[in-house]
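User: I'd like to learn how to read strand pairing and burial from a model. Can you walk me through a case?

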Amino acid sequence: MADQVASFYFHPRMLDYNFGPNHPFKPDRLERAVALLANLGIKPTDPGLATIDDALRVHDEGYLDAIAHAMDLDADELSMYGISPGDTPAFPNMLQGALNYSSGSVAAAREVCNGAKLATTLAGGLHHAQRNRASGFCVLDDCAMALSILREKFERVAYVDIDVHHGDGVQAIFYDDPTVLTCSIHQDGRTLYPGTGWVDETGADFSSINVPLLPGTTADVWLWAFRNGILLFLKEFKPGAIVLQMGADTHFSDPLAHINNTAQSYLEAVRDVKGLGIPLVALGGGGYNITSVVRMWAAAILTLNGLEIPGDVPEPFAGEWNMPKFFDPEQIQSSGQEQAEKVVAWLETH
């Protein structure tokens, strides 16, 4: 199988991006997904190191310097750069850890520039980081770094974000650039961080597309909105290459959000993007129910490579991780009128 698949970038140094044992953004998510994929025949490739110059494509030098010395700064100085104890806390060797986590995205983008049709990593997807500020567990915006690299080869590129949170950092970095289309489908900003991603955030020449969804949106509605919103604009834009952020936190089990998506509909969206036949860089992202994100990420990598997804998760992972199946029960796909009415009533009173 190894000869059939696109490059899948991972190295254990990526696990240095670690906010501590009590933080929801756990390295275990990535480590387990890589182990599961290796069991299924997809072996990782070392992406090498991302550099300061890679980060300077989309970040200010002063911000990078602050990250490099984060452990020496006081609380007020850290706060200026979005580094805070509850959300995106400082950790030792923070800049190098963030560069390590971004390295797969950088390598994948360069590989696509060199002619590959697909290159993947499950690290990265840090879509909240701003040009001069950390945000939402994100220190460096590897998604934007990858887009910047792709723009060296392709006249027009697109970013597709299926994470439950709005891809605000990527949108902000390219908001005035009509050659970069940023697309995000996410939970309504009135009800979820970062509180942005409205339909009237249209960028330069309608180069920013947002599809905000109500909490409680079910898998069938989510997929319909993706296909009739994001996918249509993507086809019209005709990019030369795409960066796909595959956050798995739209899943109904995710503890930090309120969209009732399923693994099946998530994978249909991944399959739709692949089906465009456009050179593709695919990245990880959010997802905080570890059993859901691991199986969904692994299934996404298999899907992108045109490989069959087994019905059962192989042992020992199925038993050790309480994760017997890749897919969810089909009945969860259907939307319920009663649930929809409750959501509307809730929004009317908040």
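Analyst: Sure, let's begin with one pair: A158 sits opposite I242 in strand 6. This is a predicted model, so local features need pLDDT of at least 70, side-chain atom pairs count only at pLDDT 80 or more, and totals for chains, interfaces and linings use all residues. Residues are numbered from 1 along each chain as its sequence is written, and side-chain values use heavy atoms, with hydrogens and water left out.

User: How many bridges join strand 3 to strand 6?

Analyst: Two strands pair if DSSP finds at least two bridges between them; strands are DSSP runs of E, at least two residues, and helices are runs of H or I, at least four, numbered from the N terminus. Here strand 3 and strand 6 (residues 241–245) run parallel, joined by 5 bridges. Strand 3 also pairs with strand 4 (residues 180–187), again in the parallel sense, over 5 bridges. In that pairing, V157 has V180 as its bridge partner.

User: Which residues of strand 3 are buried on each side?

Analyst: In a regular strand, side chains alternate between the two faces of the sheet. Buried means under 20% relative accessible area, exposed over 50%, partly exposed in between (1.4 Å probe, protein chains only). In strand 3, V157, Y159 and D161 are buried on one side, and A158 and V160 on the other. That's 5 of 5 residues in strand 3 (157–161).

User: And which residues of helix 3 are buried?

Analyst: In helix 3 (residues 61–68), they're Y63, L64, A66 and I67. They lie on the same side of helix 3 because they cover an arc of only 160 degrees around the axis, taking directions from the helix axis to the C-beta atoms.
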